[in-house]
Amino acid sequence: GGLARAEHGRAWAWGGSSGSHPRKANLRMPDALRSSVLILLSTLLTWSANNVGGLGAVTASASVTMLAALAHKQSAAAVMCASFAGWASSEVIPDVLWASALGAVTALTFQAFVMLKIGEGWGGRLG
C-alpha cells in the first residue's frame with residue numbers, strides 16, 4: 001500500500017514498505033479537488049442563474065466568473081470553464097440533477113486537460 005500527505009503545498013507519496021523514502025507525486029490532490037468542487041458548484045450556479053433566475057447565459061456566466069475572480073483569482077480559469085458548461089439551456093440540461101452531472105463531467109475533463117497539459121500555451125484550455 002501507499003500513503004500520501006501534503007507538505008508545504010506539495011503532495012508526497014510513499015511506496016510499499018514503512019522504511020521507504022518519500023518521493024514527489026505528480027498529482028497535487030488538494031488543488032485538483034478544490035478546483036473540481038469549484039467547477040461543479042460554478043456549473044450549477046451558472047445553470048441555475050441562467051435557467052431558473054432568468055439572467056441569460058452570458059450574464060449568468062459573466063457574473064459567476066467575476067465573483068470567483070474577485071474571491072479567488074487562482075481559480076478563475078476553472079470557474080470560467082464551468083460557467084461555459086452552465087450556459088446550457090433547460091431544453092438540453094433539464095434539471096439540477098443533470099446540471100450536476102454536467103458539472104462532474106466538466107470537472108473531470110478540466111482536470112484531465114491540466115494533468116495531461118493539453119492546450120497549455122495555446123491560448124488556454126477553455127476554447
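How many residues apart are Asp-31 and Arg-34 in helix H1? This and the other exercises below use a predicted model.

**Exercise 1. Describe the pairing of Asp-31 and Arg-34.**

Step 1. Place the residues. Asp-31 and Arg-34 are three residues apart in helix H1, which covers residues 29-51.

Step 2. Turn the spacing into geometry. Because they are three residues apart in this helix, about one helical turn separates them.

Step 3. Look at the side chains. Those of Asp-31 and Arg-34 meet in a salt bridge, at 3.3 Å from N to O. The cut-off for this pairing is 4 Å. Side chains of opposite charge can pair when their charged atoms come close.

Step 4. Check the exposure. Asp-31 has 28% relative accessibility and is partly exposed. Arg-34, at 41%, is partly exposed too.

Step 5. Count. The structure holds one salt bridge.

**Exercise 2. Lay out the fold of the chain.**

Step 1. Count the elements. The chain has three strands and four helices.

Step 2. Put them in order. Along the sequence the pattern reads β-β-β-α-α-α-α.

Step 3. Judge the burial. The chain has 127 residues, and 31% of them count as buried.

Step 4. Judge the contacts. Take those with a separation of 6 or more: 51% join residues 24 or more positions apart.

Step 5. Turn to the surface. The chain exposes about 8200 Å². Carbon and sulfur atoms supply 66% of that area.

**Exercise 3. Find the largest nonpolar core and say which helix gives it the largest share.**

Step 1. List the members. Six residues make up this core: Ile-39, Ala-78, Cys-81, Ala-82, Ala-107 and Phe-110.

Step 2. Assign them to helices. H3 and helix H4 (96-116) each supply at least two residues of this core.

Step 3. Pick the main contributor. H3 gives the largest share, three residues.

Step 4. Look for another core. A second, separate one has five residues, including Leu-44, Ala-88, Ile-93 and Ala-99.

Step 5. Add the background. In soluble globular proteins, nonpolar side chains tend to be buried together.

**Exercise 4. Decide whether H3 is mostly covered or mostly open.**

Step 1. Set the limits. Helix H3 covers residues 76-85.

Step 2. List its buried residues. They are Ala-76, Ala-78, Val-79, Cys-81, Ala-82, Ser-83 and Ala-85.

Step 3. Conclude. Seven of the 10 residues of H3 are buried, so the helix is mostly covered.

Step 4. Find a residue that differs. Met-80 is in H3. Met-80 has 30% relative accessibility, so it counts as partly exposed.

**Exercise 5. Work out what Thr-65 touches.**

Step 1. Place Thr-65. It lies in helix H2, residues 57-71.

Step 2. Check its burial. Thr-65 has a relative accessible area of 10%; buried means under 20%, so Thr-65 is buried.

Step 3. List its contacts. Leaving out residues up to four places away in sequence, Thr-65 touches Val-79, Met-80 and Ser-83.

Step 4. Place one of these partners. Met-80 is found in helix H3.

**Exercise 6. Describe the nonpolar surface patch and the aromatic pair.**

Step 1. Name the patch. Val-58, Met-80, Phe-84 and Trp-87 make a nonpolar surface patch of about 360 Å².

Step 2. Find the rings. The structure holds one aromatic pair. Phe-84 and Trp-87 form this pair.

Step 3. Read the geometry. The ring centres of Phe-84 and Trp-87 are 6.2 Å apart, with 80° between the planes. Over 60 degrees counts as edge-to-face, so that is the label here.

Step 4. Check the exposure. Phe-84 is partly exposed at 36% relative accessibility. Trp-87, at 38%, is partly exposed as well.

**Exercise 7. Examine Leu-108 and Lys-117.**

Step 1. Place both. Leu-108 is in helix H4. Lys-117 lies in the segment after H4.

Step 2. Compare each with the cut-off. Exposed means over 50% relative accessible area. Leu-108 has 63% relative accessibility, so it counts as exposed. Lys-117, at 56%, is exposed too.

Step 3. Check the backbone of Lys-117. Its phi is near 55°, a positive value in a residue other than glycine.

Step 4. Relate Leu-108 to another part of the chain. Leu-40 is 68 residues away along the chain, and the C-alpha atoms of the two are separated by 9.8 Å.

Conventions:
Residues numbered from 1 in each chain as written. Predicted model: local features only at pLDDT ≥ 70, side-chain atom pairs only at ≥ 80, totals over all residues. Heavy atoms only, no water. Buried < 20%, exposed > 50% of the residue type's maximum accessible area, 1.4 Å probe, protein only. Contact = heavy atoms within 4.5 Å. Areas by Shrake-Rupley, 256 points an atom, 1.4 Å probe, with all protein chains shown as cover. Patch = residues over 30% accessible without salt bridge, like charges linked within 9 Å, V, L, I, M, F, W, Y side chains within 5 Å. Salt bridge = Lys/Arg side-chain N within 4 Å of Asp/Glu carboxyl O. Core = buried A, V, L, I, M, F, W, Y, C linked by side-chain atoms within 4.5 Å. Phe/Tyr/Trp six-rings, centres within 6.5 Å; stacked < 30°, edge-to-face > 60°.
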